[in-house]
Amino acid sequence: MSYRALYRVWRPQRFDEIIGQNVITQTLKNALITNQISHAYLFAGPRGTGKTSAAKILAKAINCPNQKDGEPCNKCAICKAITNGTLNDVIEIDAASNNGVDEIRNVRDKAKYAPTEAKYKVYIIDEVHMLSTGAFNALLKTLEEPPANVVFILATTEPQKIPATIISRTQRFDFKRIRPKDILKQMEHILKSDQIDYDDRALKLIAKSAEGGMRDALSILDESMSYGDDKVTYQSALQVTGSVTQDLLYDYFVEVVDHDTKSALMNVQKILADGKDANRFIEDLINYCQDLLLYKQSPQMIEDHELSVFDDRFKSLVKKVDDRIIYKIIEEVSNIQQQMRFTSHPDVYLEVLTVKLANIKITPKSSDDGNQGLIDQLSGQVKELQSEVKALKKQSIASQSKLTKVNPEHNKPRPVHKERHEQPVKINLEKIYPVLNHATKKDLNRIQNAWQELLPMLKVTQRAIMNVSKPVAASSDGVVVSFEYSFLYRRADSSKELIQALEDGLNRIIGYSPTIVFVPSQKWPTIRKNYITSNYLKQHSDNQNHHNQSSQSSSGDHSSDSNSKSDHSSSDSNDKNDPKNDHENSQPNPIVKKAIDLFGNGIIDVKND
Amino acid sequence: MNVNQLLRSLPKNDVKPVYLILGRQEYLSDQIKNAFIKLVPKEERTMNYASYDMEDTPLSAALNDAMSAPFFGKRRVVLINQPYFLTNKRVSNNIDHDIDGLIQYLKHPEPSSVVVFMAPYPKLDGRKKVTKRLKNVAEMVDINKFSESQVKNYVKSYINQHNYKCDANSLNLLIQRTGGKLSMIMNELPKLFVYCRDKVITSNAINNLVTKSLDQNIFDLVNYVLKKRVKLAVDLYHNLILEQKEPLQINAILVSQFRLLLQVMILASHGHSQGSLASILKVHPFRIKLALRTIQTYQFKELKQAYLGLIDNEIKLKSSQASPELLFEMFMLSFISK
C-alpha cells in the first residue's frame, strides 16, 4: 500500500482518541449511552481540532451494534463500511462544492426514506457555512421537522456565518484549539509507537507553529520526517516551518543593537541563502522582540505559556537592551513588513531594513538625550518668556494706570474696534432705546425664566440659532436679546419668521407678546453704555460725575484691563441699578457719542487731547 | 395575560377567538405555537390547522381560512406569522394585504376559529387603525416582557423538573454566557443534562459546553486586558481573529469599556453615586458597579493612556495595513509597562 500521511493514519477512530476535546466527547458518549441523541448537531471550531473525526465516530457509534460505553467497536461490518465511506446510510456532503438549493433539496427528499442497513441515517455536512441562503432555508425546513431515524451533523469552521435559525435547531459543540502541550504529547505518542527518533526542541517548535490544529502539526511532522530521513531533528523542523533559529535571531539582534551593520548584513544574507522566507524572518524577528519585551515585564508568565525555552543569552539580552530600542525596531520592522507585501524583491527590503535597524543605534538614545536637551532648552525659553511677560505686565500696568488717570476712556472703543472692521453690523437703536427706557429688573427676570420654556417651542433650525441667545434687558412691552455670534445675529434679525415665532411663544408663556429686538452680544455693552451716558447726562450734574470718577480711577489701577469686562457681567444682572459705574467708565461726551451713533464705531477712532 | 396563564388555559379549552403574541422569544413562541396546535386533534390537523407567513402569503388567504367553518371538527386554528402590517416595518414585497378585511373580521370573529397573530417584534405601531382594533379584540400575550429574573426562575424550575440540580453560581454563569436569552439557554440545557450524568450541573460543565457569545468573549478579553494578563489576552484576541471576528469591532468594544471606566472615574471624583452615574451615563447599574470596583486599581493617567492607545489603534486599523494582532500585542505591551 502506498504511503499514507500521518494525519490520515492517525485519524481518531474512537472518542477516546480525540485529543483535547474531553468534555465534548464525554457529552457525546453520554448521549449515546443514555440514548438521548439529538436529531441535529453542529460542530464548530478551527481546522484540525477534530470536528470531522468526531462526526464520523458519532455516525459509527450511533449505528454500531456492538457499541460499548458510547464507543464504536470499529470491527463490525457497519463500522468498517463507515470508516471506508461505503455505507449508504452515512452520507458525507461537502457543502463547499454542493452549496446550492438543489443539492440540499435532494438531501431533504432522500432523508424521508428509512435507512437501509444501519439504524440511523446520518448526514454529515462539512463546511456547512458555504451553503447559500436558499440552501440554508431548505435545510431549515428539514431540521424543523426531522424525519425519524435521521441525524444531521453539521461541521464548520465559521459558525458565525450560519443563520441563527439553524443554530437554534441544533445542538452546538464548540471545538477548542488544541493546546500545544496536548499536541506535543500526541506527537510523542505517535513517534514512539512508530519508533522514530526525535528531537524534543523540534517537537516543541512544531507544536507551537501548528496553532492548535492537530492536522497541521502532523503534516509538519510528516514533512520534517521525510526531510530528515525518518528522524525528526531540530534542523529539519526549522526547515519545514521556515523558522529561523533562536540562535540566529539572537545573533542578528545583537549585531543590530551593537550597530554592527556589516555582520548583520552578512547574517541576513546567510539566512536568505539558506532559503528562508524573508517574510517569515520578519515575523520571527517581531515575535522575538515581543518576547524580549514580555520577558522584561514578567519572566514567569512567558515561561509558563511558551513552549520555547529561554537560554541565558536571551536573559542577558533582556537586561542589556533598552525598551525604546526594541519598540523602535518593532516599528521599523512592521513598516517594512507592509511594504514587502507589494514587492517581488523582499531581499532588498530586508537588507535596507538591516542597515536601518543598525543605524537606529544612536537614534533612540540620542533622541532621548536630544529630547532632554530640547526640554531643557524649551523650559529655559519658557522661563525667559515668563520673566519677560512679567516685566511687560508691570510696565503696561504702570502705563495704563497713568493713562487711565489722564484719560480713562482712551482704551474704551478699542476692544470693539476690530470686530467692527470684520463685520459691519447695523443695529436698530431706535428700537432698543424705547425698550431700555422702560426696562425693569422684574421684566427681565420674567423673560429670562420664560426663555428656557420658549426654546423647545421653536423649530429645530430656529432653536439652533436661539440657543446662543439670551435676553439682556426687558421692559413691559419689549425685550432686547443678545447673540453670542454676530453672524447668528444677522440671521436672526433678517428672519421675520423667527421673530414671529418668538413673539407667539412668549405670548403663550407670559401672556403678552413684547417687541423683540436683537443685538450681538459684543455690541451690547457699548450700546447700553451709550444709552446710559446719553440719558444719564440729562439727569445728573457733572459735579457728581467728577466725584465718582476719582474713586473709580483709584480702584482701576489694579484691574484696569479686566475692569470693563467685570463691569459688563455684573451690570447684565444689575441692569438698571448701576448706571453710575458704567457711566464713569465710558466717560460721557455727548458729541462723541452722537458721532459714534451717526457713523458707527468702526470708522471712528476716539482720541483724547 | 402572561405566558403561563395562556399555556394553562389552552388545554382546558378556555379559548378566545383571537390572540396576539407579541415578542421575539423563539423558545416561548414555539411553546405557545405547539399549545395552539394541540387544540386541534391530530387527525384533523391537515384540514383544521394552517399557518401563514405574511411575508409571502396575502392576508386574505388566512382570513378566508379563518372565516370558513371547521371541517368535521370542533375548531379551526389559524396561525398568522410575521404580521408586519401591524408595525411600522417596511417589507419589500408586493403582497397586497387585505387590511380592511381583517378589520371587518375583527368586528365579528368566527367563534369556531382561533386566529393567532405571532408578532416577533419588540412593539407594534399603535397608531395604525388595524393595530388598535386588534389590541381591543385580541387576547394579548406579551412575551417581550420576560425579565432576567423571570428567565432565571423559568430555567431553574425547568432544571428542577428534570431532577437536575444547579447552584446559584452556575446558574448565573449559564445566564451570563448566553446573555440571558431564554431560547439559547433552553437550547444548551439538553447538552448539559447529557454531560452531567450525576444530575448536578457544574460551572465547569457550563464553561466547557456552553457556547460563549461574542459579548462574553469580549467581556473576558476586557477583563484580561484590565488585569494585565497579557498572554491570555493575546491568545484570546488571536482566537477571536481566527473566528473571523472583526478587529475593529473588538477594538471598539475595548474602547467603549475604557471610556466607561474613564467617565466613571471622573464623575465619581465629582461625588456622583452609583445610581446617579448609571442615570447620567445611561448604563446598566451593574456595569457601573463593576467599573467602580475596577477603577480602584488604576491611575487616571494610566487609563487615559490606554484609551488613547486604543484610539490610536483604531486609526491604524483603518488607515494602515498593520496586522491587527500586532497592534493589539503592542498595545498590551505598552499598557502593562506603565
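A salt bridge here is a side-chain nitrogen of Lys or Arg within 4 Å of a carboxyl oxygen of Asp or Glu. Keep that cut-off in mind for the first view of this predicted model.

**View 1. B:Asp30 and A:Arg169 join up across the two chains.** Their side chains form a salt bridge, with 3.6 Å from N to O. The count between chain A and chain B is one salt bridge. Polar contacts add to the picture, with nine residue pairs between the two chains (both at pLDDT 80 or more).

**View 2. Here is the contact between chain A and chain B, with 35 residues from chain A and 29 residues from chain B.** Together the chains bury about 3,100 Å², and 56% of that is on carbon and sulfur atoms. On the chain A side, A:Val23, A:Arg177 and A:Gln290 supply 17% of the area buried against chain B, more than any other three residues.

**View 3. Several elements of chain A touch chain B.** Those giving two or more residues include α2 (22-33), β5 (171-174) and α14 (278-297). The largest share, six residues, comes from α2(A). By type, this side of chain A splits into 12 nonpolar, 14 polar and nine charged residues.

**View 4. Strand β1 (residues 18-22) of chain B is tucked away inside the structure.** Five of its five residues are buried, so the rest of the structure largely encloses β1(B). B:Val18, B:Leu20 and B:Leu22 point one way, while B:Tyr19 and B:Ile21 point the other.

**View 5. β1(B) has parallel partners in β4(B) and β5(B).** The pairing with β4 (residues 113-119) runs over five bridges, and B:Leu20 sits opposite B:Phe117 there. With β5 (residues 139-142) there are four bridges, and B:Leu20 has B:Met140 as its bridge partner.

Technical notes: Residues numbered from 1 in each chain as written. Chains lettered and ligands numbered in written order. Predicted model: local features only at pLDDT ≥ 70, side-chain atom pairs only at ≥ 80, totals over all residues. Heavy atoms only, no water. Contact = heavy atoms within 4.5 Å. Buried area = accessible area lost by both parts, 1.4 Å probe. Polar contact = N/O pair within 3.5 Å; in protein donor to acceptor, adjacent residues only side chain to side chain. Nonpolar A, V, L, I, M, F, W, Y, C, P; charged D, E, K, R; others polar. Buried < 20%, exposed > 50% of the residue type's maximum accessible area, 1.4 Å probe, protein only. Pairing = 2+ DSSP bridges.
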